[in-house]
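Reader: I am new to this structure and would like to learn how to read it feature by feature. Could you take me through it slowly?

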Amino acid sequence: MRILISGGGTAGHINPALAIIGYARKMEEDLEVLYVGKVDGMEQRLVTKAGYNMETIEISGFSRKITPKGLRHNIKTLKLINESQKKSQKIIEDFDPDICIGTGGYVSGPVIKQAQKMNIPTLIHEQNAFPGVTNKMLSRKASVVMLAVEDARQYMSPKATFEVVGNPLRQDILRADKQKAREKLGLDERPVILSFGGSLGARAINEAMAEVIKKTCKDDEYQHIHGYGQYGKWFEKRLKESGVDIKAHKNLMINEYINNMSDCMAAADLVICRSGAITISELQAMKKASILIPSPNVAENHQYHNAMALVNRQAADILEEKNLTGKALYEKIENILSDKKLLKRLGENAGEMAILDSNERIYNIIKRESLKR
């Protein structure tokens, strides 16, 4: 089997692509894969590290700013789209794939669109509850639109063929055990809070969390794991200035990065985080109660829609960044952790939304549709 796959711009598009082809490689002895990404995109580093062959195209997204600079950028983008479609055609002709898969990001647009013109079976995978512009555009002529959540269907072409497959997840997330994780981390039976704002960190979350930790440290009622991220190096100093000596509180695990996320999430009773697609799927798989703080700085505000997919099913609480303060966050934490029935219900409802066999579902669709060429 020969798979051409394209997606990029963010890890949220790249990691699902790598998971899809990683599982397919286990199932197909003679699998050949070609990844098409953006010149100098994040995917170049990640795909090369994973050991897959890669071709690149030069492409950019459209600017929404109605300014002379924005206009010049969009004129350049139109030129790049035309050139990238020609290059995509050559890449596809040379590789001769059985199937082409797009996982989102504007780099996948010209590639998958060209494959559709060439009557090659095409699949797209949408990770979010609110789909990106590229996947919306491609949905009409895709052989199958694979959705992580049913909520995204309403925003796609009604002519599309849909299958709900979830988001492919790492095996360490699926296999993690709460008790073993707590023992490994040296945690006791007190409630465990896990909070983070991504690898770069989120200033609003860090500022609110510094206030929360100052309050909870008074009686050490909770155990707290917090990752402040690359841009939050000031966090520990802020705690110290507020009177919190991290070393004096054995219940605090404060680090720049959380490198053992599967253990930390497994150990947690309550998770406080952004609502990126993969994070949401991990919370569901682990049946975790959560307070979601959607990033307001993402395309189409998709993190808000991801969060609301859970909130509307009583599977999470939400605190929008515009309303985020240490006091507001502390009150939500207290409300959930003081009510064991609520804590349990949020986790169970999240678990009911989980799709644990995403890799298998996606592979079966790939196998089926590739035989139609």
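Author: Please keep in mind throughout that this is a predicted model. A good place to begin is a helix and the residues that it hides: in H15, Ser 358, Asn 359, Ile 362, Tyr 363, Ile 365, Ile 366, Glu 369 and Ser 370 are buried.

Reader: How do the buried residues of H15 lie when the helix is seen down its axis?

Author: Seen in that direction, the buried residues of H15 fall within an arc of 160°, so they line one face of the helix. The length of the helix can be checked as well: H15 covers residues 358–370, and its 13 residues, at 1.5 Å a residue, should span 18 Å, which agrees with the 18 Å that separates its end C-alpha atoms.

Reader: Which residues does His 125 touch, leaving out those up to four places away in sequence?

Author: With those left out, His 125 touches Pro 16, Gly 102, Thr 103, Gly 104, Asn 135, Met 146, Val 165, Gly 166, Asn 167, Pro 168 and Ile 362. One of these, Ile 362, is among the buried residues of H15. His 125 itself is found in strand E5, residues 122–126, and its relative accessibility is 0%, so His 125 counts as buried. Sequence and space can also be set side by side here, for His 125 and Gly 166 are 41 residues apart in sequence, while their C-alpha atoms are 9.2 Å apart in space.

Reader: How should I look for empty space inside the model, and how many cavities of 30 Å³ or more does a search of the whole structure find?

Author: The general idea is that rolling a probe the size of a water molecule over the atoms shows where empty space is left. In this structure the search finds one cavity of 30 Å³ or more, and about 80 Å³ of space lies in the largest cavity. Its lining is made by 13 residues, and those that lie nearest its centre are Gln 127, Ala 129, Val 149, Ile 280 and Asn 306.

Reader: Which helices each supply at least two residues of that lining, and what classes of residue does the lining of the largest cavity have?

Author: Helix H11 (277–285) and helix H12 (302–311) each supply at least two, and H11 gives the largest share, four residues. By class, the lining of the largest cavity has seven nonpolar and six polar residues, but no charged ones.

Reader: Where is Val 149 found, and is it buried or exposed?

Author: Val 149 is found in the loop between strand E6 (144–147) and strand E7 (162–164), and at 17% relative accessibility it counts as buried, because the cut-off for that word is under 20%. Apart from its neighbours within four places in sequence, Val 149 is in contact with Asn 128 and Ala 129, and Ala 129 is also among the residues nearest the centre of the largest cavity.

Reader: What is the volume of the second largest pocket, and which residues lie nearest its centre?

Author: The second largest pocket has a volume of about 460 Å³. Of the 20 residues that line it, Lys 178, Ala 268, Asp 269, Lys 287 and Lys 288 lie nearest its centre. Helix H6 (171–175) and helix H14 (340–353) are the elements that give two or more residues to this lining, with the largest share, five residues, coming from H14. By class, the lining of this pocket has 11 nonpolar, one polar and eight charged residues.

Reader: What should I know about the sign of phi when I read the backbone?

Author: The general idea is that most residues other than glycine have a negative phi. Here, phi of Asp 40 is near 65°, a positive value in a residue other than glycine. Asp 40 has its place in the loop between strand E2 (32–38) and helix H2 (42–50), and at 66% relative accessibility it counts as exposed. Gln 314 also has a positive phi, near 50°; it lies in the loop between H12 and strand E13 (317–318), and with a relative accessible area of 48% it is partly exposed.

Reader: Which residues does Met 253 touch, again not counting those up to four places away in sequence?

Author: Met 253 touches Leu 185, Leu 187, His 224, Ile 225 and His 226. Its place is in strand E10, residues 252–255, and at 23% relative accessibility Met 253 counts as partly exposed. Met 253 and Ile 225 are 28 residues apart along the chain, yet their C-alpha atoms are separated by 4.7 Å.

Note on methods: Residues are numbered from 1 along each chain as its sequence is written. This is a predicted model: local features need pLDDT of at least 70, side-chain atom pairs count only at pLDDT 80 or more; totals for chains, interfaces and linings use all residues. Side-chain values use heavy atoms; hydrogens and water are left out. The expected span of a helix is 1.5 Å times one less than its number of residues. Buried means under 20% relative accessible area, exposed over 50%, partly exposed in between (1.4 Å probe, protein chains only). The arc is that of the directions from the helix axis to the C-beta atoms. Contact means heavy atoms within 4.5 Å. On a 1 Å grid over the protein atoms alone, a cavity is a set of points where a 1.4 Å probe fits but cannot get out, and a pocket is an open set with protein on both sides within 12 Å along at least five of seven lines; lining residues have an atom within 4 Å of a point. Grid points are joined across faces, edges and corners, and a volume is the space filled by probe spheres set on the points. Ala, Val, Leu, Ile, Met, Phe, Trp, Tyr, Cys and Pro count as nonpolar, Asp, Glu, Lys and Arg as charged, and the others, Gly among them, as polar.
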